[in-house]
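Here is a short briefing to read alongside the structure. Have the viewer open, and follow the bullets by topic.

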Amino acid sequence: MASSTPYLVLLLCLTTFLQALLTAANYPPPPPPPFELPESEVRERFSKWVVKYSKHYSCQQEEEMRFQVFKNNTNAIGQFDQQNPGTVIGRGFQPGGSQTNSRGGVRMNRFGDLSPTEVLQQFTGLNTTSLNATSPTYLPYHSFKPCCVDWRSSGAVTGVKNQGTCGSCWAFAAVAAIEGMNKIRTGELVSLSEQELVDCDTGSSGCGGGHSDSAMALVAARGGITSEERYPYAGFQGKCDVDKLLFDHQASVKGFKAVPPNNEAQLAIAVAMQPVTAYIDASGFEFQFYSGGIYRGPCSANVNHAVTIVGYCEGPAEGDKYWIAKNSWSNDWGEQGYVYLAKDVPSSTGTCGLATSPFYPTA
């Protein structure tokens with residue numbers, strides 16, 4: 001009997017081990033520890049970032065406060081990368097290319113010392129308190145609509161611009177749509193004046209926010225808009241140059257139309273004809289530090305920012321569908337100044353609400 005004791009002990013150990021394995025299999029592994037870089041490394045990164053973006057702070061206390069925000073953002077980006085392996089990090093996403101179902105990545109950029117709330121307050125500018133309802137124009141569903149459209153490749157899109165801390169996204173979105181229409185109609189690409197809209201559109205509030213449809217209505221009422229060269233961007237609201245508003249038109253506009261809301265099929269037909277403005281929710285951390293790939297959120301339909309949709313692509317795989325949206329946060333944000341928003345999503349409002357209120361100019 002004594003000789004069987006070691007075998008009984010071994011059997012008991014094996015049984016206990018197998019029970020532990022079965023128990024572990026029924027429970028998920030513990031979450032990874034929070035990502036956090038050493039303080040010294042973050043300070044080194046911050047010093048280089050300050051030089052790169054020519055940042056200046058009024059005092060040591062402000063600089064330290066901004067460093068803490070930068071540290072939080074840096075660690076949050078690291079945490080995102082850790083939890084989302086295989087996302088697109090940095091520039092390299094090629095529309096229609098081989099990165100099938102590529103998901104949006106994040107990286108540090110010029111907004112490193114700001115919270116998402118501060119970015120929303122300083123770098124957007126859609127005034128949602130008085131959005132006007134415009135009767136939509138339905139386009140024939142049998143209209144020609146290729147599977148992929150990119151107005152940049154047709155030379156109908158100017159370089160990405162930078163609105164700065166003026167809440168004038170609405171003016172930049174409207175101007176980009178007018179620039180595209182003008183190029184398609186006349187064959188000439190002219191960089192047009194956002195500052196004219198900031199100064200002269202009484203239906204908006206300059207750097208305090210506005211609406212792309214109000215901007216188009218002003219340009220249509222005056223018959224056109226002048227060039228950026230003749231009315232350059234200042235980044236603040238000034239006195240309206242009435243002579244240029246009334247008489248110096250480098251692109252003519254007769255009106256504008258609203259795409260039927262919450263209808264991505266109608267939006268695609270419109271974008272196949274010309275660039276279209278859209279309102280989106282830009283309030284998320286992932287949007288603030290978006291670096292490339294197809295952006296799928298998180299975001300809501302509570303829109304607060306204006307962009308211009310300059311194209312789309314619908315394949316080859318279902319997960320490859322995306323809109324090409326031109327932003328006004330300079331070309332070192334996102335994918336060289338653009339964001340690729342997931343197309344034909346289950347929500348009728350579209351990714352980040354892009355289908356809620358699209359507009360395009362007419363001539």
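Buried residues account for 50% of the 363 residues in the chain. Keep in mind as you look around that this is a predicted model. The chain holds ten helices and twelve strands.

**The chain overall**
- About 16900 Å² of the chain is exposed, and 56% of that area comes from carbon and sulfur atoms.
- If you take the contacts between residues at least 6 apart in sequence, 77% of them join residues at least 24 apart.

**A covered helix: α7**
- Helix α7 spans residues 212–222 and is mostly covered, with eight of its eleven residues buried.
- The buried residues of α7 begin with a run you can pick out easily in the sequence: Ser-212, Asp-213, Ser-214, Ala-215 and Met-216 are among them.
- Further along α7, Leu-218, Val-219 and Ala-220 are buried too.
- Just after α7 comes Gly-223, which has a positive phi, near 90°.

**A nonpolar patch at the surface**
- Now turn to helix α8, which covers residues 242–247 and includes Phe-247.
- Is Phe-247 buried or exposed? Phe-247 is exposed, because its relative accessible area is 66% and the cut-off for exposed is over 50%.
- Phe-247 has company: together with Val-242 and Leu-246, Phe-247 forms a nonpolar patch on the surface.
- The accessible area of Val-242, Leu-246 and Phe-247 together is about 300 Å².

How values were computed. Residues numbered from 1 in each chain as written. Predicted model: local features only at pLDDT ≥ 70, side-chain atom pairs only at ≥ 80, totals over all residues. Heavy atoms only, no water. Patch = residues over 30% accessible without salt bridge, like charges linked within 9 Å, V, L, I, M, F, W, Y side chains within 5 Å. Areas by Shrake-Rupley, 256 points an atom, 1.4 Å probe, with all protein chains shown as cover. Salt bridge = Lys/Arg side-chain N within 4 Å of Asp/Glu carboxyl O. Helix = DSSP H or I, 4+ residues; strand = E, 2+ residues; numbered from the N terminus. Buried < 20%, exposed > 50% of the residue type's maximum accessible area, 1.4 Å probe, protein only. Contact = heavy atoms within 4.5 Å.
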